[in-house]
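I opened this notebook to record what I looked up in one model, entry by entry. I began with the chain as a whole and went on to single residues afterwards.

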Amino acid sequence: MNFLKRALLSIQRRKGKSIILFLVIFILGNLMAGAIAIQQATRGVETDIKTQLGANATVSFNEDRI
């Protein structure tokens with residue numbers, strides 16, 4: 001018996017376990033895809049805001065406090 005045939009027979013024998021495993025993997029995949037999409041959208045918005053503001057900051061040493 002080859003590998004694929006044994007795999008299909010195992011899935012047919014354990015339907016409940018296979019369905020639960022498929023659902024868990026499906027939900028985790030969707031959560032990961034959503035998190036990646038949110039992260040990319042956040043980066044895009046961050047770069048847009050930075051370019052629109054165009055603010056510059058300078059750091060200098062306060063000699064009066066010494």
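What percentage of the 66 residues of the chain count as buried? I was working with a predicted model, and in it I found that 0% of the 66 residues count as buried.

**Entry: overall form.** I looked up the secondary structure next and noted 2 helices and 0 strands in the chain. The radius of gyration came out at 27 Å, whereas the globule rule gives 11 Å for 66 residues, so I wrote the chain down as more spread out than a compact globule. For the extents I took the C-alpha trace along its principal axes, where the chain spans about 85 × 30 × 25 Å.

**Entry: surface and charge.** I then looked up the area that the chain exposes, which is about 6,800 Å², and I noted that carbon and sulfur atoms supply 65% of this area. On the charges, I recorded 9 positive and 4 negative ones in the chain, with their mean positions 46 Å apart.

**Entry: nonpolar patch.** Which residues make the nonpolar surface patch of about 920 Å²? I listed Ile19, Ile20, Phe22, Leu23, Val24, Phe26, Ile27, Leu28 and Leu31 as the residues that make this patch. From that list I picked out isoleucine 27, which lies in helix 2, a helix made of residues 15-53. Its relative accessible area is 48%, and I therefore entered isoleucine 27 as partly exposed, given that the exposed class needs over 50%.

**Entry: alanine 33.** I looked at alanine 33 as a further position in helix 2, and with a relative accessible area of 45% I entered alanine 33 as partly exposed. I also checked its separation from glutamine 12: alanine 33 and glutamine 12 are 21 residues apart in sequence, and C-alpha to C-alpha they are 29 Å apart in space.

**Entry: salt bridge.** How many salt bridges does the count come to? I obtained a count of 1 salt bridge, and I noted a salt bridge in which the side chains of lysine 50 and glutamate 46 meet, at 3.2 Å from N to O. Since lysine 50 and glutamate 46 are 4 residues apart in helix 2, I wrote down their separation as about one helical turn. For the accessibility of the two partners, I recorded lysine 50 as exposed, with a relative accessible area of 56%, whereas glutamate 46, at 41% relative accessibility, counts as partly exposed.

Notes: Residues are numbered from 1 along each chain as its sequence is written. This is a predicted model: local features need pLDDT of at least 70, side-chain atom pairs count only at pLDDT 80 or more; totals for chains, interfaces and linings use all residues. Side-chain values use heavy atoms; hydrogens and water are left out. Patches are made of residues with over 30% relative accessible area and no salt bridge: like charges are joined within 9 Å, nonpolar side chains (Val, Leu, Ile, Met, Phe, Trp, Tyr) within 5 Å. Accessible areas come from the Shrake-Rupley method with a 1.4 Å probe; for residues, only the protein chains shown count as cover. A salt bridge is a side-chain nitrogen of Lys or Arg within 4 Å of a carboxyl oxygen of Asp or Glu. Buried means under 20% relative accessible area, exposed over 50%, partly exposed in between (1.4 Å probe, protein chains only). The radius of gyration is taken over C-alpha atoms; the globule rule is 2.2 Å times the number of residues to the power 0.38. Lys and Arg count as positive and Asp and Glu as negative; His and the chain ends are not counted. The place of a charge is taken as NZ of Lys, CZ of Arg, CG of Asp or CD of Glu.
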